[in-house]
Amino acid sequence: MLFRSGSMGLLSLLRNLKKDDAELRILMLGLDNSGKTTALKQLASEDPSTITPTQGFNIKSVQSAGFKLNVWDIGGQKHIRPYWKNYYANTDAIVYMVDSADVQRIDEAADELTALMGEEGLAGVPTLVYANKQDLLGAKTAAELMVEMDLVQFKDRWVHVEACSAKTGDGLEQGMQKLMEQKASKA
């Protein structure tokens, strides 16, 4: 019994050590012009002022809360969205960006997210939804988006909505921190 207790302590120590080099594969998705690439550049401490629409994908490695995040930022234009499924394999988390100031496209964003959540290859994958562009007048709050996009319907996974501004960086770290805490609690 003493050995078992000691080995559990060692196992915990090894898990904590491993956490420092833990790598997670994150898909960053959302409609075009929602702010995915700007957010990714902010998280990577790069200059977000020179951004063009993503025609394929960007990959960045970012450190957050002891995790190395390999973030796949995939274009959100309507003709690219059918190809999102090619990136689902081995996904540890989804970051879904919503332009909360573009009220005409919130239903479209909700439909795309609902379709994502129904994908077998993404079953149970934790999802962080960024309510982006909070720096603009008329932007929906995180709580309003949670209701309007009916995000409470997803009972098979952790879903969190975080208000942010990819342009200023406000809220990005807080959202990632909550996602990493959730991943660490499930490890």
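The following questions and answers concern the sheet and the cavity of a predicted model.

Reader: In what order do the strands of the open sheet stand?

Author: The open sheet has six strands, and their pairing is mixed. Its edge strands, E2 (57-64) and E6 (159-163), each pair on one side only. Read from E2, the order is E2-E3-E1-E4-E5-E6.

Reader: In which sense do strands E1 and E3 pair?

Author: Strand E1 covers residues 23-30 and strand E3 covers residues 67-74. Within this pair, leucine 24 stands opposite leucine 69 in E3. The two strands are joined over six bridges, and the sense is parallel.

Reader: What angle does the direction of helix H5 make with that of E5?

Author: Helix H5 (residues 172-186) packs on the sheet. The strands it touches are E1, E2, E3, E4, E5 (127-132) and E6. Its direction and that of E5 make an angle of about 170°.

Reader: What is the volume of the largest cavity?

Author: Rolling a probe the size of a water molecule over the atoms shows where empty space is left. With a cut-off of 30 Å³ or more, the structure holds one cavity. The volume of the largest cavity is about 70 Å³.

Reader: Which element gives the most residues to the lining of the largest cavity?

Author: The lining includes Met97, Val98, Asp99, Ile106 and Ala109. Two elements give two or more residues to this lining: strand E4 (93-99) and helix H3 (106-117). The element that gives the most, with three residues, is E4.

Reader: How many residues of that lining are charged?

Author: Among the lining residues are Asp32, Asp99, Asp102 and Arg105. The lining divides into five nonpolar residues, two polar ones and a charged group. The number of charged residues is four.

Conventions
Residues numbered from 1 in each chain as written. Predicted model: local features only at pLDDT ≥ 70, side-chain atom pairs only at ≥ 80, totals over all residues. Heavy atoms only, no water. 1 Å grid on protein atoms, 1.4 Å probe; cavity = no way out; pocket = protein on both sides within 12 Å on 5 of 7 lines; lining within 4 Å. Points joined across faces, edges and corners; volume = space filled by probe spheres on them. Helix = DSSP H or I, 4+ residues; strand = E, 2+ residues; numbered from the N terminus. Nonpolar A, V, L, I, M, F, W, Y, C, P; charged D, E, K, R; others polar. Pairing = 2+ DSSP bridges. Contact = heavy atoms within 4.5 Å. Axes fitted to C-alpha atoms, helices over the stretch in contact; angles between N-to-C directions.
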